[in-house]
Structures are given as structure tokens and as C-alpha cells.
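Student: I am new to this structure and would be grateful for a close look at a single part of it. Please set that part in the context of the whole before going into detail.

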Amino acid sequence: MEKKKMKLWKKILIVLFVIFLVFLVMTIPKAMLFTELSTKVSNLEDTKQNIHIKMNVHQTGYQSHIERYIKDDVDKLVMERTNIDGNTSKLMQFIYPEKRILYIEQNGEKTKNVYEEEAPVRSSVLKEGMTSSYTTISNYTLGLAFSPAVIFSSIHTVEMDGKECYEISTMYNPNYIYDENSKDLKIYIEKDSGLPVKVVETIEENGEKIQNTIAYEYAFDCVTDEDIAEPEDRSYNLIT
């Protein structure tokens with residue numbers, strides 16, 4: 001009887017060991033890839049001081065075009081939004097080391113707000129001596145190696161917008177805010193740079209499937225002083 005129990009336990013241990021090996025084979029390559037891609041983006045964030053980013057966003061209820069210009073210690077953001085009813089708005093934000101200026105055009109009004117405040121440091125991590133930091137390059141693989149995505153994800157090589165990319169499909173990405181009706185999320189990451197090329201989220205509303213998309217473009221070492229200049233238009237009302 002004791003021998004039968006020992007044999008049974010050996011079989012159980014062998015099965016558990018095989019399952020553990022399969023788990024390692026399935027997850028370790030994904031974890032290594034996620035870490036590699038995330039590191040590439042973090043290195044770009046920390047070393048590049050001249051960046052131009054374009055984003056075209058198509059979401060349920062609105063569309064927006066976003067451009068970001070970074071040159072040395074100036075960060076300019078321009079966002080134009082069109083709602084489904086045709087109403088438009090525009091926002092321009094300028095971040096300097098010691099102040100932030102916000103220009104808004106909405107409902108026929110043009111306003112300007114000046115905030116005298118120390119700007120956070122652009123950095124992929126909060127380093128010693130920093131009170132706050134922020135990032136400008138979307139890093140969708142950050143932390144994925146230690147999240148459920150390392151298990152519940154699929155990765156394929158595809159071509160997207162003429163670039164060789166990884167297609168990462170998972171419903172467990174902590175770097176993305178999912179729609180409450182989300183059914184699927186695919187993120188396309190350029191293999192060479194680790195930069196996102198496109199995000200496609202499939203949602204279902206009233207039995208109909210709709211796609212929310214974000215398309216990215218990145219360029220480096222091309223931003224000029226003219227690109228980061230504030231508008232000369234004097235018709236903005238200063239809010240004090």
C-alpha cells in the first residue's frame with residue numbers, strides 16, 4: 001500500500017514539474033521581450049531631448065489630433081478635438097522649467113492661463129532628488145513582464161504601416177485605459193525601436209462591434225525654435 005502511495009506521489013510530482021516547465025517555456029520568452037521593448041522606449045525617453053510626436057485618435061464620440069514638440073527644456077502640446085456633433089476645440093500647452101501656460105479655444109472663446117509652478121522632470125523613472133516626473137513616449141510594454149499579460153497574451157509578427165511590428169493582444173495591459181465595453185485590444189510595437197505604431201481596441205455596444213484606434217508617428221532631432229513658439233495671437237483672454 002505504501003509503495004502504491006509513493007508511486008502516486010511520484011506521478012503527481014512529475015506532472016507538476018512538467019506543467020511548471022511548460023509555464024516557463026511559455027512565459028519567459030514573453031517576459032524577456034516585454035522587458036527589451038520597454039527598455040528601448042525608456043532609453044529614448046531619457047536620452048532624446050528633441051522629439052516630435054503625432055497621434056491620431058478615433059474614439060467613440062470624438063476624434064482628436066495631437067502633436068507634441070519637445071526641445072531641450074520646453075514641452076509643447078497641441079490637441080485639436082472634434083466631437084460627434086461637429087463641435088471643435090483646441091488646446092495648446094507649454095511646459096517650461098518654472099511655469100506652465102495653457103491656451104484654450106472652445107465655444108467661440110479663447111483663453112490663456114499661466115501657472116507659476118515648477119515643472120516635473122521628463123524621465124522614465126523617478127530618480128533621487130526628483131519630486132515628480134512624467135513621460136511623453138507611450139510605453140505599452142512597461143511592467144508587462146510582471147503582470148498577467150505575460151500569461152494571458154499572444155504575440156505575432158506583422159507588418160503595420162510599412163513597419164515590421166509585434167502585434168501584442170491582451171486584456172491585461174496596465175498601461176492602457178480600457179473602455180468598459182472592451183472585447184479585444186491589439187497593440188502594434190515596432191520591432192527595432194520599441195515605439196508604438198498603432199493601438200486597436202474592439203468594443204461592443206448594443207450588439208455592434210466598433211474599433212477605437214490610436215495611430216502614432218515619431219521623429220527625432222527635427223524640432224526647431226519656431227515649432228515650440230507660443231502663438232502671437234493677442235485675442236486670447238488672460239485668466240488671472
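Tutor: The protein has one helix and 14 strands, and the model shown here is predicted. Of its 240 residues, 36% count as buried. The protein exposes about 15,000 Å², and 54% of that area is supplied by carbon and sulfur atoms. Where contacts link residues at least 6 apart in sequence, 44% of them join residues at least 24 apart.

The part chosen for a close look is the run of strands β3, β4 and β5. Strand β3 covers residues 74-83, strand β4 covers residues 88-95, and strand β5 covers residues 100-106. β3 and β4 pair in the antiparallel sense, with eight bridges between them. These two strands form a hairpin with four residues between the strands. In this hairpin, G86 takes a positive phi near 95°.

On to the next pairing: β4 is also joined to β5, by seven bridges, and these strands run antiparallel. β4 and β5 likewise form a hairpin, with four residues between them. Strand β4 thus has bridges to β3 and to β5.

One residue of β4 allows both pairings to be followed. M92 is the bridge partner of V78, and M92 also stands opposite Y103 in β5. A reader can therefore begin at V78, pass to its partner M92 in β4, and continue from M92 to Y103 in β5. When viewing the side chains along these strands, one general point is useful: in a regular strand, side chains alternate between the two faces of the sheet.

Methods
Residues numbered from 1 in each chain as written. Predicted model: local features only at pLDDT ≥ 70, side-chain atom pairs only at ≥ 80, totals over all residues. Heavy atoms only, no water. Buried < 20%, exposed > 50% of the residue type's maximum accessible area, 1.4 Å probe, protein only. Contact = heavy atoms within 4.5 Å. Areas by Shrake-Rupley, 256 points an atom, 1.4 Å probe, with all protein chains shown as cover. Pairing = 2+ DSSP bridges.
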